[in-house]
Amino acid sequence: MKGKKEEKEDSKSSSSSLTLPGGDIWYEILSYVTLDDLLQRCRWVCRDWKYLTYDSTFKRLHSQRTQSFSGYLIQYLKKHENYPVLNYDTSFISSVATYPSSISLDFLPKSADAIIRVEATSSQAEGLVCCLTYEPVLHPIRRYYVCKPLTRQWTQIPTPITHCQTKRTAIVIKKSHPLHYKIIGLSWSSMKTRQIFHCEIFDSKNWEWTMYSKSMEYKDYTRLSISPEIFLHGSFHWLINFEVDDRKEMLSFDVEKRNWSLYSLPQSQEEVKEAIIRDIKISLRPQGRVEVNCDLNVVNCEGNLGVLYHVSRLWMELWVMEDYLNKTWKKKFRVRLEPLKQIVGEYFVMAMDSMDMMLLQNGDKLISYNYTKGILTQVMEIEDLNICNPIFQFNSDNVDCYLGPPPKEYSTEEETKENQEQGTILA
């Protein structure tokens, strides 16, 4: 099912075919390294080790040997048993196994009628999930939890202080031992001719939310894409849509500097469509009656920020930001997906797992597709699958960790210095 036409813009071979210096011995050793050490230390030793940590074959072996998890948390709608409202259900989908995961959120404290909604997950080894629970009544009491599903640990955290409904939430691990994490809550309010973005941050060190003192204003009405956020280079990245002219740009938030940034994508949707029509010298508009569409996904491309364009589900093009400091993009490849569409029919690209794998949705089916080999590697069926929220990348080891508030005597000189620096930034 491999496409007949495929452009490669990079001479580098795929990570699945790399050969490590020292032969198989390093491959074997790294497959037993803990997930935290693999992602936080080994990945930065050299380029070959970095590419190895994204390789689907290696990830499968490492997951088996270390009892860790690598994949996605998917949240979808279903009917509530006792109320005329929609409830949420979740599934943990492994990107390296051929069977559904037994991981669940059934250990969280809640009443029989309470609704659990996943707000954010960490893509780092600690495998944390931020959840919101509430009753389906007129004025529900909202409770926020941070949990680790693989070890079935949980703790309740304070409720955010914002007066606006939180639209997007993200979580990042700052330190593993002792555990230190931050939760970013993004909200916005509309005021006549402009829209104002707000941000509040929960810090597990001081166990409280802090409203970010500066908001970013837009004259045009905007909304965030359903595409999941990507955390790279100390910043979270979202795809943002401008409603007036249907323009899309990248919105980033630096967690430590607390700076907003907005920058252009490598190509507009129209530019990509026109380039594909021009380059392959065929018409995607037979008799001028078929509308050509182009969808976007923000992806993590082996440690680089990427934008994935898919045109009418027939062609896919990947652009990667190779120089993050100067915001320079480079086209990585273009691949034909028409054979895939002929086999599975209509589909939606949910995520890109590695340089050779992506996750698709087709009705009630979730499909893992290797687009370099042109084969379906995994097909899972979930009854009444109706994905309403971004899917969440989820990695986790199987090691217990302390999730609760820090002891009062935990403050150190290093923390005091960090708080002073943050106070200077806020001022």
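A residue counts as buried when its relative accessible area is under 20%. By that standard, 55% of the 427 residues of this chain are buried. Please keep in mind as we go that the model is predicted.

Let us start with the overall build. The chain contains seven helices and 26 strands. If we take the contacts between residues at least 6 apart in sequence, 51% of them join residues at least 24 apart.

A good place to enter the fold is helix α3, which spans residues 47–54. Six of its eight residues are buried, so this helix is largely enclosed by the rest of the structure. The buried ones are W49, K50, Y51, L52, T53 and Y54. What lies over them? The cover includes three helices, α1 (24–30), α2 (35–40) and α4 (56–66), together with the strand β18 (294–301).

From here we can turn to the strands, beginning with an open sheet of three. Its order is β3-β2-β26, and the pairing is antiparallel. The edges are held by β3 (86–94) and β26 (392–396); each has a single partner strand, so one side of each is left without a neighbour in the sheet. On average, and ignoring direction, neighbouring strands here are turned by 35° against each other. To follow the pairing in detail, look at strand β2, residues 69–79, which is joined to β3 by nine bridges. Within this antiparallel pair, Q75 stands opposite T90 of β3.

A second open sheet has four strands, arranged as β22-β23-β24-β25, again with antiparallel pairing. Here the edge strands are β22 (348–352) and β25 (375–381), each of which pairs on one side only. The average turn between neighbouring strands of this sheet is 25°, with direction ignored. Strand β23, residues 357–362, pairs with β22 in the antiparallel sense over four bridges, and A351 stands opposite L359 in β23.

Both of these sheets appear again when we look at the empty space inside the model. Rolling a probe the size of a water molecule over the atoms shows where empty space is left. How many cavities of 30 Å³ or more does the structure hold? There is one, and the largest cavity has a volume of about 70 Å³. Its lining is made of Y72, I93, S94, S95, D353, M357, M358, L359, S368 and Q378. Both β3 and β23 supply at least two residues each to this lining, and β23 gives the most, with three. L359, which we met opposite A351, is one of the lining residues. Sorted by class, the lining has five nonpolar, four polar and one charged residues.

The open counterpart to this cavity is the largest pocket, with a volume of about 990 Å³. It is lined by 49 residues, of which R43, S123, F231, N300 and Q393 are the closest to its centre. Some of these can be placed on elements we have already visited: N300 falls within the range of β18 (294–301), and Q393 within that of β26 (392–396). Which strand gives the most to the lining of the largest pocket? That is β8, residues 166–175, with five residues. By class, the lining of the pocket divides into 23 nonpolar, 19 polar and seven charged residues.

We finish with a few details of the backbone, each found in a loop. Following β8, in the loop that leads to β9 (180–191), sits P178. The peptide bond from H177 to P178 is cis, with omega near -5°.

Two further loops hold residues with positive phi values. H233 lies between β14 (230–232) and β15 (235–242), and its phi is near 55°, a positive value in a residue other than glycine. R258, found in the loop between β16 (247–254) and β17 (259–264), also has a phi near 55° and is likewise not a glycine. Are these two residues buried or exposed? H233 has 44% relative accessibility and therefore counts as partly exposed. R258, in contrast, is buried, with a relative accessible area of 7%, which puts it under the 20% limit with which we began.

Methods:
Residues are numbered from 1 along each chain as its sequence is written. This is a predicted model: local features need pLDDT of at least 70, side-chain atom pairs count only at pLDDT 80 or more; totals for chains, interfaces and linings use all residues. Side-chain values use heavy atoms; hydrogens and water are left out. Two strands pair if DSSP finds at least two bridges between them. Axes are lines fitted to C-alpha atoms, for helices over the stretch in contact, and angles run from 0 to 180 degrees between N-to-C directions. On a 1 Å grid over the protein atoms alone, a cavity is a set of points where a 1.4 Å probe fits but cannot get out, and a pocket is an open set with protein on both sides within 12 Å along at least five of seven lines; lining residues have an atom within 4 Å of a point. Grid points are joined across faces, edges and corners, and a volume is the space filled by probe spheres set on the points. Ala, Val, Leu, Ile, Met, Phe, Trp, Tyr, Cys and Pro count as nonpolar, Asp, Glu, Lys and Arg as charged, and the others, Gly among them, as polar. Buried means under 20% relative accessible area, exposed over 50%, partly exposed in between (1.4 Å probe, protein chains only). Contact means heavy atoms within 4.5 Å.
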